[in-house]
Amino acid sequence: MFAFIQKLIALFSAMLAFFGFARGIDHNNGTAADANASYSVHGKSVEFTFTSNPSTGYGWQCNASGDSIILKEEHYESGNHGNVAGAAGKQHYTFIAVSPGKTSITFVYERSWETDPPFYTYIAELQADDNLNITVLSFQSV
């Protein structure tokens, strides 16, 4: 019975870690204050990383408004357990600056066939300067 309770506690803890509540972003070091999202700026590019588990049917989608910063690459990286069914991994989006200006990007974690609101929504406000260096003006969970 004790082993069952330990497994139940471990499962509950893992679920809380994966589906944890978003608490905002620490703009001083470019990382998320929660376990679901982070970003890193590399001069003329910025990479956003999100916890993802496609085996649940949920997936990240992004939509940008503005054309100064565009999506260059998107890829999924399986977690520490390899490509094991049910194991979570990371979804990566890399954006590059192509002209000076501002761009807003909305990221949603949802099941494409459902009409329910997204499980998570993050909004990033970005700016590219005259040298095409990117600044993250804000990145927050809504």
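Let's start with Phe107, which is buried at a relative accessible area of 0%. This is a predicted model, and Phe107 is a handy way into it: the residue is among those with the most contacts inside the largest nonpolar core.

**The core**

That core has 22 residues, and Phe48, Phe50, Leu126 and Phe139 join Phe107 as the ones with the most contacts inside it. Which strands feed it? At least two residues each come from strand 3 (37–42), strand 4 (45–52), strand 7 (89–97), strand 8 (101–110), strand 9 (120–128) and strand 10 (134–141). Strand 9 gives the largest share, five residues.

Phe139 sits in strand 10. Its relative accessibility is 1%, so it counts as buried, the cut-off being under 20%. Look along the chain from there and you'll find Ile123 16 residues away, yet the two C-alpha atoms are separated by 5.6 Å.

**Rings on rings**

There's plenty of aromatic pairing here: the count comes to 20 aromatic pairs. Two of them are worth pulling up on screen.

| Pair | Centre to centre | Angle between planes | Geometry |
|---|---|---|---|
| Phe50 and Tyr93 | 6.3 Å | 70° | edge-to-face |
| Phe95 and Phe107 | 6.2 Å | 80° | edge-to-face |

How far apart along the chain are Phe50 and Tyr93? They're 43 residues apart, with Phe50 in strand 4 and Tyr93 in strand 7, and the pair links distant parts of the chain. Phe50 is buried at 0% relative accessibility, and Tyr93 is buried too, with a relative accessible area of 1%.

The other pair takes us back to Phe107. The angle between the planes of Phe95 and Phe107 is 80°, and planes over 60 degrees apart count as edge-to-face, so that is the label this pair gets. Phe95 belongs to strand 7 and Phe107 to strand 8, so the pair ties together parts that are twelve residues apart in sequence. Phe95 counts as buried at 2% relative accessibility.

**A polar residue under cover**

Now for Gln91, which also has its place in strand 7. Is Gln91 buried or exposed? At 10% relative accessibility it counts as buried, because the limit is under 20%. A polar atom of its side chain lies 3.5 Å from the backbone oxygen of His75. Setting aside neighbours within four places in sequence, Gln91 is in contact with Phe48, Thr49, Phe50, Ser52, Trp60, Glu74, His75 and Tyr76. Two of those names, Phe48 and Phe50, are also among the residues with the most contacts inside the largest nonpolar core.

**A charged pair**

Side chains of opposite charge can pair when their charged atoms come close. How many salt bridges are there in this model? The count comes to one. Arg111 pairs with Glu114, and the closest N and O atoms are 3.2 Å apart. Arg111 is partly exposed, with a relative accessible area of 23%, and Glu114 is partly exposed as well, at 26%.

**Stepping back**

Zooming out, the protein chain has one helix and ten strands. Read along the sequence, the helix is followed by the strands, in the pattern α-β-β-β-β-β-β-β-β-β-β. Of the 142 residues in the protein chain, 32% are buried. Among contacts with a separation of 6 or more, 58% are between residues 24 or more positions apart. The protein chain exposes about 8500 Å², and carbon and sulfur atoms supply 55% of that.

Methods. Residues are numbered from 1 along each chain as its sequence is written. Side-chain values use heavy atoms; hydrogens and water are left out. A nonpolar core is a set of buried Ala, Val, Leu, Ile, Met, Phe, Trp, Tyr and Cys residues joined through side-chain atoms within 4.5 Å. Buried means under 20% relative accessible area, exposed over 50%, partly exposed in between (1.4 Å probe, protein chains only). Helices (H or I, at least four residues) and strands (E, at least two) are DSSP runs, numbered from the N terminus. Rings of Phe, Tyr and Trp (its six-membered ring) pair if their centres lie within 6.5 Å; planes under 30 degrees apart count as stacked, over 60 as edge-to-face and the rest as tilted. A polar contact is a pair of N or O atoms within 3.5 Å; within protein, one must be able to donate a hydrogen and the other to accept it, and residues adjacent in sequence count only if both atoms are side-chain atoms. Contact means heavy atoms within 4.5 Å. A salt bridge is a side-chain nitrogen of Lys or Arg within 4 Å of a carboxyl oxygen of Asp or Glu. Accessible areas come from the Shrake-Rupley method with a 1.4 Å probe; for residues, only the protein chains shown count as cover.
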